[in-house]
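Thanks for coming. I'll walk through one structure, a few elements at a time, and then stop.

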Amino acid sequence: MPKAGNRSDEYEDASHNSTHVNKETTICRFAIADGASESSYAELWANLLVSGYCFGRIGAMQIHKSVSPLSKAWQKKTNGKNLPWYAQEKLSSGAFSTLAGITFRYPIDAESAAFDAIAVGDSCIFHVRGDSMLGSFPLSNVDEFLRRPILISSNTANNGQLKAFVHSWIGTAEAGDEFWLMTDALACWLITRYKEDCSVMRLIHKLAGESDFNHLVHEERRRTHGEGRFYLRNDDVTFIRLKLVKGK
């Protein structure tokens, strides 16, 4: 969903998924990104990042090299735009975005699935079992959302120190486990509400589709907590909910 008051074409988050099946293993990838509104063509850059991750083109070890071809694609799509001088100057600085992606690998007849994830910035992935949060990646504390995150830039000159800010996560999951991918405002909301009352997890479990999700977002944007702030900050929100099921 876009920010309240914004049109759908002003939404600057992105999401993507892919599945690859071979003889021994099924590989599923999911990713979300949050384009920085103050940068140019952020939604284009966010979409390039999530699709790049899901097609296996982005790795944690050499991420600055991984995003270089994507940077060229962004530049190609934005070159030749007839913009005022100030917008052209902003364009030369590049677009910026977070990225959070997770990959599941399912060997044939396995009882569990191995996963690995990467994140840059404050988009998050949560490992959920029932009403319990088993993992919160890469952030787990509300205060961490107050810091300005390091972002991936479409201008490769801005990515020199990026490797130091890439977070990695590996683990295994069981059938019935869920993974929730959320951009920053929604992730911060979940951590805040979960620390107050873990029954908030049931609100997510009860969501039956996009209409229910839209209603939840509208309600939580109006709900205030003890400090007089809204639980859910007015920002673009993106949510992917995954549930692992045992194959036949």
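Start at Ala 14, whose bridge partner in strand 2 is Ala 33. That pair belongs to the contact between strand 1 and strand 2 (residues 25–34), two antiparallel strands joined by nine bridges. Before going further: this is a predicted model.

Strands 1 and 2 are part of an open sheet of five strands, paired antiparallel in the order 1-2-4-5-9. Strand 1 (13–21) and strand 9 are its edges, each pairing on one side only. On average, neighbouring strands in this sheet are turned by 15° against each other, ignoring direction.

Next, strand 6. Is strand 6, residues 124–129, enclosed by the rest of the structure or left open? Five of its six residues are buried, so strand 6 is largely enclosed. For the cut-off, buried means under 20% relative accessible area.

Strand 6 has antiparallel pairings with two strands that I want to show. With strand 10 (residues 178–182) there are five bridges, and here Phe 126 has Trp 180 as its bridge partner. With strand 7 (residues 132–137) there are also five bridges, again antiparallel. In that pairing, Arg 129 is matched with Ser 132. Strands 6 and 7 form a hairpin with two residues between the strands, and Gly 130 in this hairpin has a positive phi near 65°.

Keep Trp 180 in view for a moment. Gln 161 is 19 residues from Trp 180 in sequence, and their C-alpha atoms are 28 Å apart. Gln 161 lies in the loop between strand 8 (152–153) and strand 9 (167–174). Its relative accessible area is 61%, so Gln 161 counts as exposed.

Last, helix 7, residues 210–222. At 1.5 Å a residue, its 13 residues should span 18 Å; the end C-alpha atoms are 19 Å apart, which agrees.

Which residues of helix 7 are buried? They are Phe 213, Leu 216, Val 217, Glu 220 and Arg 221. Viewed down the helix axis, these buried residues fall within an arc of 125°, so they line one face. The general background is that an α-helix has 3.6 residues a turn, so residues three or four places apart point the same way.

What does the buried side of helix 7 pack against? Its buried residues contact helix 5 (184–196), helix 6 (200–205) and strand 11 (239–243). On the face turned away from that side are the exposed residues Ser 211, His 215 and Arg 222.

That is where I'll stop.

Note on methods:
Residues are numbered from 1 along each chain as its sequence is written. This is a predicted model: local features need pLDDT of at least 70, side-chain atom pairs count only at pLDDT 80 or more; totals for chains, interfaces and linings use all residues. Side-chain values use heavy atoms; hydrogens and water are left out. Buried means under 20% relative accessible area, exposed over 50%, partly exposed in between (1.4 Å probe, protein chains only). Helices (H or I, at least four residues) and strands (E, at least two) are DSSP runs, numbered from the N terminus. Two strands pair if DSSP finds at least two bridges between them. The expected span of a helix is 1.5 Å times one less than its number of residues. The arc is that of the directions from the helix axis to the C-beta atoms. Contact means heavy atoms within 4.5 Å. Axes are lines fitted to C-alpha atoms, for helices over the stretch in contact, and angles run from 0 to 180 degrees between N-to-C directions.
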